[in-house]
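Hello,

Here is the structure I promised to hand over. Please open it first, then read my notes below.

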Amino acid sequence: MVKSTSKDAQDLFRSLHSAYSATPTNLKIIDMYVVFAVFTALIQVAYMALVGSFPFNSFLSGVLSCVGTAVLAVCLRIQVNKENKEFKCKTIVTNLGGIVAMFVIAV
Amino acid sequence: MMARCLARFLVSLLALAICNAASVSHPISDSHRSAALDVFVPLDGSYKSLEEAYEALKSLEILGIDKKSDLSSGTCENVVKVLASPSSALKDVFYALSVNGILKCKTGEDVPKDIVSKLQAGAKDAKLLLDFYYSIRGLVLVKEQFSGTDLTLGDAEAIFRSVKALSQSDGRWRYSSNNAESSTFAAGLAFETLAGVISLAPSEIDQSLIQTVKTGILKLFDSIQKYDDGTFYFDGSEGPISTTASVIRGLTSFAASESTGLNLPGDKIVGLAKFFLGVGIPGDAKDFFNQIDALACLEDNRFSVPLILSLPSTVISLTKKEPLKVKVSTVLGSKAPALSVKLAEALNSKGSSVINNQELKFDADSATYFLDSFPKNFDVGKYTFVFEILLDESANEKGYITEAQTKVPIAATGAIGIENAEIAVLDSDVGSIESQKKLDLTKDGVVSLSANHLQKLRLSFQLTTPLGLVFKPHQAFLKLKHESQVEHIFLVKTYGKKAELVLDFLGLVEKLYYLSGKYEIQLTIGDASMENSLLSNIGHIELDLPERPEKAPLPPLHPTDPYSRYGPKSEISHIFRVPEKLPAKQLSLIFLGLIVLPFIAFLIGLTRLGVNIKSFPSSVGAATSALLFHGGIGAVLLLYVLFWLKLDLFTTLKALSLLGVFLLFVGHRTLSNLAAASNKLKSA
């Protein structure tokens with residue numbers, strides 16, 4: 001049983017990986033940015049857990065800025081993704097450049 | 001400096017006012033003269049200005065101190081320089097002439113003519129009160145010092161009128177016709193100026209003009225202020241001393257001219273004299289000068305010369321049987337004319353009169369009046385003596401004036417008799433005497449008593465005045481001092497005929513800290529009227545008190561050295577908020593490195609994905625706007641870094657808004673370029 005589950009996991013992982021490589025480069029860039037932001041936030045949480053939350057303001061600002069920028073990047077990814085037709089919300093600008101501009105300003 | 005002296009002066013005057021309208025003034029004495037040497041003689045022999053030099057030299061001259069030889073050289077140089085120079089100001093010329101009048105420096109021959117023409121021009125063209133004052137008074141000084149100079153004051157009446165135009169209806173004067181602010185000090189200056197005009201005028205000034213000035217003077221006297229002890233003064237923004245002195249100077253010079261015939265209320269003149277004498281010795285040079293100058297004017301003037309009654313000593317000792325001496329003199333201490341002094345009444349502390357209408361005898365050698373016989377019923381205590389001065393007829397011509405009645409507080413002291421002094425130990429409830437000893441309070445006794453906490457200690461004595469009346473002393477204390485230096489003080493109160501103190505040890509055990517043992521007894525009796533006040537060690541008493549219970553207060557361990565409270569106090573250790581525990585520096589640095597890792601991973605990932613900037617526009621216009629756009633974003637990031645490092649939020653937000661607007665324009669341009677390029681690609 002164990003063997004099958006591990007093989008299933010491996011298969012699952014391989015299929016995910018192959019599907020993922022099909023995504024366009026743009027989206028991959030955005031994904032990497034999100035991962036980077038989240039990792040930074042996690043490291044800060046780990047530091048706080050280790051040392052104590054003395055300058056609590058600093059901890060909050062660090063973590064929340066990382067999380068915020070990750071969220072904005074995710075929004076950008078949603079709007080930019082060509083396959084995401086059901087999420088065709090009536091944005092103010094529909095072209096790619098406008099969406100990017102909105103993201104930049106939000107950041 | 002003025003404020004400090006004014007404060008000091010007000011404090012001293014307030015002390016005078018509290019003295020309940022009975023006070024003694026003293027004329028100028030030698031202590032004034034020695035203080036004048038300190039105040040007026042500069043250390044290096046030269047004065048800072050001619051005004052200061054004049055004030056100092058005039059004061060020294062009035063007090064009769066001759067320092068001219070020391071001071072004249074430097075000051076004379078200054079005077080000659082000012083008088084010779086054609087461009088000196090009117091004020092400097094005036095003070096130079098004043099100093100010259102005292103020092104009599106050697107000036108050149110042409111000096112008078114130049115000065116006269118300058119001053120005459122000044123008088124004619126003057127618009128301000130001070131200009132009139134300096135020029136007119138300057139001309140008067142020239143007339144006094146340089147005889148034979150031709151001084152004509154062109155149109156004296158016109159000048160008189162123009163000075164008069166600056167007066168106000170309430171008696172005060174303005175400094176100029178433009179400025180509405182008026183002062184009493186200016187009134188004094190104006191009177192001196194007008195007196196100068198009258199003396200320099202070639203013909204008589206119209207009497208009606210002089211009359212209006214006289215009514216103005218009487219109006220000014222309406223605004224005089226007074227203190228409770230009968231002193232009068234004029235108040236103003238320059239301070240009471242300067243203002244009053246200026247008015248007195250003005251009135252004296254105005255009255256000095258023949259045609260004026262000024263009459264001033266006599267009691268106010270005496271009040272003004274007492275005001276200046278009450279100042280004491282001023283510390284400030286200007287106040288000193290004003291005081292001495294005003295007193296010199298009062299000493300010798302045409303309206304009335306005040307006479308001051310003073311007492312060298314206000315204590316009568318009944319044991320020594322010395323007479324009470326009274327001196328009458330002018331304000332500067334010179335001899336008074338023939339007069340007689342009468343003690344109208346002597347009021348004791350209850351208000352009844354003990355002596356009535358006693359004339360004082362005159363001792364010509366020392367020029368004092370004295371009272372040597374006191375009535376039989378003159379007892380110790382505090383009295384108020386009321387003196388009256390009666391001037392002989394010959395003196396009335398000069399116009400001397402004195403206070404109607406001078407009230408002086410006098411203290412009479414004598415030897416107080418102490419009788420029936422005894423100390424006893426009583427059994428409490430019954431009151432029977434266990435042991436009783438008679439005391440001789442003049443000698444230190446070796447009385448030895450013993451008592452326990454159930455008994456009482458009684459001390460009694462009788463004090464009588466020389467006349468046999470009961471005397472209640474101001475201080476009567478009994479002190480019990482334990483071997484361990486702990487002391488207790490009790491008041492001995494006077495009941496009826498005798499003074500008695502009863503110490504009930506039952507109630508006092510707690511106050512005595514339950515300390516049994518040998519206590520020394522000390523009695524103190526004192527009073528201002530008592531010449532034989534005493535402090536005697538009566539003896540000692542053995543007290544047997546019960547044991548100290550747990551909750552009773554401990555006696556003070558070491559008797560506090562009375563001077564130790566002036567030593568340094570114990571150091572205060574401040575407790576600060578404990579700082580938060582910070583992690584080790586290395587740990588923080590490790591995590592700093594760890595934070596940077598994901599960013600590096602992101603960059604590596606980007607390169608792995610094959611990120612490029614190929615679609616960066618190449619044409620010049622588009623390239624610049626794209627560059628600017630990226631540059632602008634980089635600038636925003638830099639601004640964040642600066643904000644973190646040192647800027648505050650407001651400057652950051654301001655810079656950010658500017659950059660944001662810039663970015664908006666440039667970004668829009670870049671995007672439109674991009675859109676145009678992609679459209680071109682699509683169409684092509």
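In which strand of chain B does B:V386 lie? The answer is β12, residues 381–391. Helices and strands here are DSSP runs, numbered from the N terminus: H or I over at least four residues for a helix, E over at least two for a strand.

A word on the ground rules. This is a predicted model, in which local features need pLDDT of at least 70, side-chain atom pairs count only at pLDDT 80 or more, and totals for chains, interfaces and linings use all residues. Residues are numbered from 1 along each chain as its sequence is written, chains are lettered from A and ligands numbered from 1 in the order in which they are written, and side-chain values use heavy atoms, with hydrogens and water left out.

**Two residues in chain B**

Back to B:V386. Its relative accessible area is 2%, so B:V386 is buried. Buried means under 20% relative accessible area, exposed means over 50%, and partly exposed is in between (1.4 Å probe, protein chains only). What does B:V386 touch, leaving out residues up to four places away in sequence? One group is B:K342, B:L343, B:A344 and B:E345. The other is B:Q405, B:T406 and B:K407. A contact means heavy atoms within 4.5 Å. B:K342 is 44 residues from B:V386 along the chain, yet their C-alpha atoms are separated by 8.6 Å.

Now look at B:H488. It sits in strand β20, residues 487–491 of chain B. B:H488 is buried too, because its relative accessible area is 5%. With residues up to four places away left out, B:H488 touches B:L478, B:K479, B:L480, B:K511, B:L512, B:Y513 and B:Y519.

**Chain B as a whole**

Chain B has 684 residues, and 43% of them are buried. It holds 17 helices and 24 strands. Take the contacts in chain B between residues at least 6 apart in sequence: 69% of these join residues at least 24 apart.

**Chain A**

Chain A has four helices and zero strands. Along the sequence, the pattern reads α-α-α-α. Of its 107 residues, 25% are buried. Among chain A contacts with a separation of 6 or more, 56% are between residues 24 or more positions apart.

An unreviewed UniProt entry places the feature "transmembrane region" at residues 30–50 and 56–75 of chain A. UniProt positions are given in the numbering used here, feature names are shortened, and annotations may be inferred rather than shown by experiment. How much of residues 30–50 is helix? The span is 100% helix and 0% strand, with its end C-alpha atoms 31 Å apart. Residues 56–75 are also 100% helix and 0% strand, and here the end C-alpha atoms are 28 Å apart.

Check two cysteines while you are there. A:C66 is buried, because its relative accessible area is 10%. A:C75 has a relative accessible area of 39%, so A:C75 is partly exposed. A disulfide is a pair of cysteine sulfur atoms within 2.5 Å. By this rule there are zero disulfides over all chains.

**Cavities and a pocket**

The search uses a 1 Å grid over the protein atoms alone. A cavity is a set of points where a 1.4 Å probe fits but cannot get out. A pocket is an open set with protein on both sides within 12 Å along at least five of seven lines. Lining residues have an atom within 4 Å of a point. Grid points are joined across faces, edges and corners, and a volume is the space filled by probe spheres set on the points.

How many cavities of 30 Å³ or more does the structure hold? There are three. The largest has about 80 Å³ of space. Its lining includes B:S23, B:V270, B:L307 and B:T406. β5(B) gives the most to this lining, with three residues.

The second largest cavity has about 40 Å³ of space. B:L57, B:L60, B:E61, B:I65, B:K67, B:K68 and B:I102 line it. Helix α3 (residues 50–63) of chain B gives the most here, with three residues.

The second largest pocket has about 1300 Å³ of space. It is lined by 48 residues, and the closest to its centre are B:Y54, B:K58, B:R137, B:E192 and B:R249. α7(B) gives the most to this lining, with nine residues.

Best wishes
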